[in-house]
Amino acid sequence: MEEQKENQKENKKASENHNEEKTVTLKESEYLKLKEGADKAGEYWDKILRMQADFENTRKRLEKDKQDFIKFANEGIILELLNTLDDLERTVELSQSGHQDISGFLKGVEMILAHLYEMLKEYGVKPIEAEGKLFDPHFHEALMQAENKDLPEHTIVEELQKGYTLNGRVIRTSKVKVSRKSSAN
């Protein structure tokens, strides 16, 4: 017990001595080197803080630019679609006004459709060829089968809905009717 009290007294004295600031004697050259090192460390610390702030600002700016790009990336195609929408609205107005030139009306719709196909082509959208081709599950979705002894099995007999690729990547599969051999009774 007495030994513990002695240890506590020694620890207390050691901590009191530890809190006291000691004076150290150095050569002036050593002091100047330490001071120069401390000054350099301070400069480096300031540089690090500025670089971190610059990095954070750049990160925030890039994030904002990315969000703006995503927000307005489709602006060009939307403007093209608005022109097509205007053409379709004029066509509907013309048909509602009782215009009797059916061939002219049809020609106008065909021109709008051709413009729409051209616009999609410019943006990398291409139709998937289906009819007469062999069924490929990467490009086609079989909705129906039809018995046909004249065609090889799994040949596309009819395209029910067109499929499309965007820059070579399938964005919508073709909905198709596929041939099968007649089942033997």
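A residue is called partly exposed when its relative accessible area lies between the 20% under which a residue is buried and the 50% over which it is exposed. Asn83 is partly exposed by this standard, because its relative accessible area is 42%. The structure is a predicted model. Its protein chain contains 4 helices and 6 strands, and from the N terminus the elements follow the order α-α-α-α-β-β-β-β-β-β.

**Overall character of the chain**

- The protein chain has 185 residues, of which 11% are buried.
- Its accessible surface amounts to about 15,900 Å², and carbon and sulfur atoms account for 54% of that surface.
- Of the contacts between residues at least 6 apart in sequence, 62% join residues at least 24 apart.

**Loop between α1 and α2, and a nonpolar patch**

- Leu26 is located in the loop that connects α1 (2-19) to α2 (28-72).
- Leu26 has a relative accessibility of 41% and therefore counts as partly exposed.
- Together with Val24, Tyr31, Leu32 and Leu34, Leu26 makes a nonpolar surface patch of about 520 Å².

**Helix α3**

- Helix α3 covers residues 75-96 and has 22 residues. At 1.5 Å a residue it should span 32 Å, and the 31 Å between its end C-alpha atoms agrees with that expectation.
- Asn83, the partly exposed residue of the opening, belongs to helix α3.
- The C-alpha atoms of Asn83 and Leu116 are 9.7 Å apart in space, although the two residues are 33 residues apart in sequence.
- Gly98 follows α3 and has a positive phi, near 85 degrees.

**Helix α4**

- Helix α4 comprises 21 residues, numbered 102-122. From its first C-alpha to its last it reaches 30 Å, close to the 30 Å expected at 1.5 Å a residue.
- Gly124, just after α4, adopts a positive phi of about 90 degrees.

**Phe135 and His154: two loop residues in contact**

- Phe135 is placed in the loop between β1 (125-127) and β2 (140-147), whereas His154 occupies the loop between β2 and β3 (156-161).
- Along the chain, Phe135 and His154 are 19 residues apart, and 5.5 Å separates their C-alpha atoms.
- Beyond its neighbours within four places in sequence, Phe135 is in contact with His140, Glu141, Ala142, His154, Ile156, Val176 and Val178.
- Phe135 is partly exposed, because its relative accessible area of 27% falls between the limits of 20% and 50%.
- His154 is likewise classed as partly exposed, with a relative accessible area of 43%.
- The backbone of His154 has a positive phi, near 70 degrees, in a residue other than glycine.

**Strand β6: two buried lysines**

- Lys175 is part of strand β6 (residues 174-180), and Lys177 is also found in β6.
- Lys175 has a relative accessible area of 17% and is therefore buried, since that class holds residues under 20%.
- Lys177 is also buried, because its relative accessibility is 18%.
- Residues up to four places away in sequence set aside, Lys175 touches Glu141, Leu143, Glu158, Glu159, Leu160 and Gln161.
- One of these residues, Glu141, makes a side-chain to side-chain polar contact with Lys175 at 3.4 Å. Glu141 is also among the residues in contact with Phe135.
- With the same exclusion of residues up to four places away, Lys177 touches Met144, Gln145, Ala146, Thr155, Ile156, Val157, Glu158 and Leu160.
- Glu158 and Leu160 appear among the contacts of Lys175 and among those of Lys177.
- Ile156, touched by Lys177, is also in contact with Phe135.

**Asn167: an exposed loop residue with positive phi**

- Asn167 is situated in the loop between β4 (164-166) and β5 (169-172).
- Its relative accessible area of 64% means that Asn167 is exposed, as the limit for that class is over 50%.
- Asn167 is not a glycine, yet its phi is positive, about 50 degrees.

Key:
Residues are numbered from 1 along each chain as its sequence is written. This is a predicted model: local features need pLDDT of at least 70, side-chain atom pairs count only at pLDDT 80 or more; totals for chains, interfaces and linings use all residues. Side-chain values use heavy atoms; hydrogens and water are left out. Buried means under 20% relative accessible area, exposed over 50%, partly exposed in between (1.4 Å probe, protein chains only). A polar contact is a pair of N or O atoms within 3.5 Å; within protein, one must be able to donate a hydrogen and the other to accept it, and residues adjacent in sequence count only if both atoms are side-chain atoms. Contact means heavy atoms within 4.5 Å. The expected span of a helix is 1.5 Å times one less than its number of residues. Patches are made of residues with over 30% relative accessible area and no salt bridge: like charges are joined within 9 Å, nonpolar side chains (Val, Leu, Ile, Met, Phe, Trp, Tyr) within 5 Å. Accessible areas come from the Shrake-Rupley method with a 1.4 Å probe; for residues, only the protein chains shown count as cover. A salt bridge is a side-chain nitrogen of Lys or Arg within 4 Å of a carboxyl oxygen of Asp or Glu.
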